[in-house]
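Student: I would like to go through this model and ask what stands behind the terms used for it.
Tutor: Go ahead.

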Amino acid sequence: MEHYIAQLLYRYQCVTVPGFGAFLTEIQPAQLVESTNTFYPPKKVVSFNANLKNNDGLLATHIAQAEKVAYEMAVQNISKEVSLWKNALLNQQNIVLNAVGTLHLNTSGTLSFEASSQVNFNTASFGLNSFVSPLVQREIIEKMPEAVATEPIVLVPETVTASRTSYLKYAAIFILALTAAGSVGYKMYNDQMDQELRFVQTEVQKDVQNKIQEATFFIENPLPNVTLTVKEEKKAYHIVAGAFSSEANAAKQLKILEAKGFKGKILGRNKYGLVPVLYGSYSTYAESQEALKAIHRTESREAWLLIKD
């Protein structure tokens with residue numbers, strides 16, 4: 001049976017062995033162990049829950065199809081295998097399930113499970129193996145600033161002659177005349193620029209007013225209504241209160257659950273001709289497990305988890 005359990009763990013998050021327990025999987029992202037420089041690809045971590053014992057039909061249906069036997073015969077074969085497992089555990093023997101893990105009773109009499117590390121049930125990581133990468137040593141080279149040679153600047157006083165003093169006087173007068181002429185020209189240039197700027201601003205304001213009027217005209221025309229379709233979130237995890245052959249009995253059970261505050265729901269008939277009635281549906285496995293524990297504690301120990309898209 002371990003072969004069929006391993007096959008189902010590649011495709012499902014929960015594989016229940018009726019009357020014994022359930023093997024659960026959870027995606028673990030890629031990891032880097034810095035102490036050993038080892039990289040590990042994403043994988044499915046397998047755990048075991050001894051409280052999930054109800055037959056959800058997954059394992060029995062798979063075995064019946066693989067071995068080409070009736071569904072009832074597959075259920076009986078599973079029951080016989082579970083009896084052998086329980087006897088082995090009572091005799092302090094380990095149950096080794098190839099590619100899945102090892103089951104044994106600890107000193108307190110509690111069933112313990114150690115997952116196998118040989119198989120990665122995450123199909124998205126097919127072909128990816130762990131590997132060790134040597135540490136990269138990076139050498140930092142500090143660049144020293146280059147020395148800049150500086151020479152002292154020596155100021156040599158120069159003797160000013162009388163003829164040169166006269167030349168400097170005329171040069172100063174010429175510079176003052178240029179400054180005055182430049183001031184007058186600069187004022188005329190500023191006046192001309194102010195006039196051109198005012199003209200440009202007037203034209204821009206006219207153009208803006210025209211654009212505003214055109215935009216107002218188009219805004220006044222009613223736009224067609226837009227209908228947004230929101231895709232309903234898929235909830236694949238369902239907690240089943242019971243399955244009935246009569247739709248009337250299923251409706252009565254639904255009213256009882258709704259009166260207690262549950263968001264009950266009725267599914268269509270399954271392949272066994274039964275109508276399941278749900279306590280509720282959940283998006284993630286963690287949410288469904290938390291709700292299932294609360295229902296087992298306060299409502300009924302017969303509630304069980306159904307995984308269905």
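**Pocket and cores**

Tutor: The model is predicted. By class, 15 nonpolar, eight polar and six charged residues form the lining of the largest pocket.

Student: What makes a residue count as part of the lining of the largest pocket?
Tutor: A lining residue has an atom within 4 Å of a pocket point. The largest pocket has 29 such residues, and the closest to its centre are Asp-56, Gly-57, Leu-58, Leu-306 and Ile-307. Asp counts as charged, Gly as polar, and Leu and Ile as nonpolar, so Asp-56 falls in the charged class, Gly-57 in the polar class, and Leu-58, Leu-306 and Ile-307 in the nonpolar class.

Student: Which elements give two or more residues to this lining?
Tutor: They are H2, strand E10 (237-244) and strand E13 (304-307). H2 gives the most, with four residues. The space in the pocket is about 840 Å³.

Student: Why is the set with Ile-5, Val-17, Phe-23 and Leu-59 called a nonpolar core?
Tutor: The term requires buried residues of the nonpolar kinds listed for a core, joined through side-chain atoms within 4.5 Å. The largest such set has 28 residues, and these four have the most contacts inside it. Among the elements that each supply at least two of its residues are helix H1 (2-9), strand E5 (43-49) and helix H3 (71-90). Another core, of 20 residues, lies apart from it and includes Cys-14 and Leu-254.

Student: What share of the chain is buried?
Tutor: Buried means under 20% relative accessible area, and 25% of the 309 residues are buried.

Methods: Residues are numbered from 1 along each chain as its sequence is written. This is a predicted model: local features need pLDDT of at least 70, side-chain atom pairs count only at pLDDT 80 or more; totals for chains, interfaces and linings use all residues. Side-chain values use heavy atoms; hydrogens and water are left out. Buried means under 20% relative accessible area, exposed over 50%, partly exposed in between (1.4 Å probe, protein chains only). On a 1 Å grid over the protein atoms alone, a cavity is a set of points where a 1.4 Å probe fits but cannot get out, and a pocket is an open set with protein on both sides within 12 Å along at least five of seven lines; lining residues have an atom within 4 Å of a point. Grid points are joined across faces, edges and corners, and a volume is the space filled by probe spheres set on the points.
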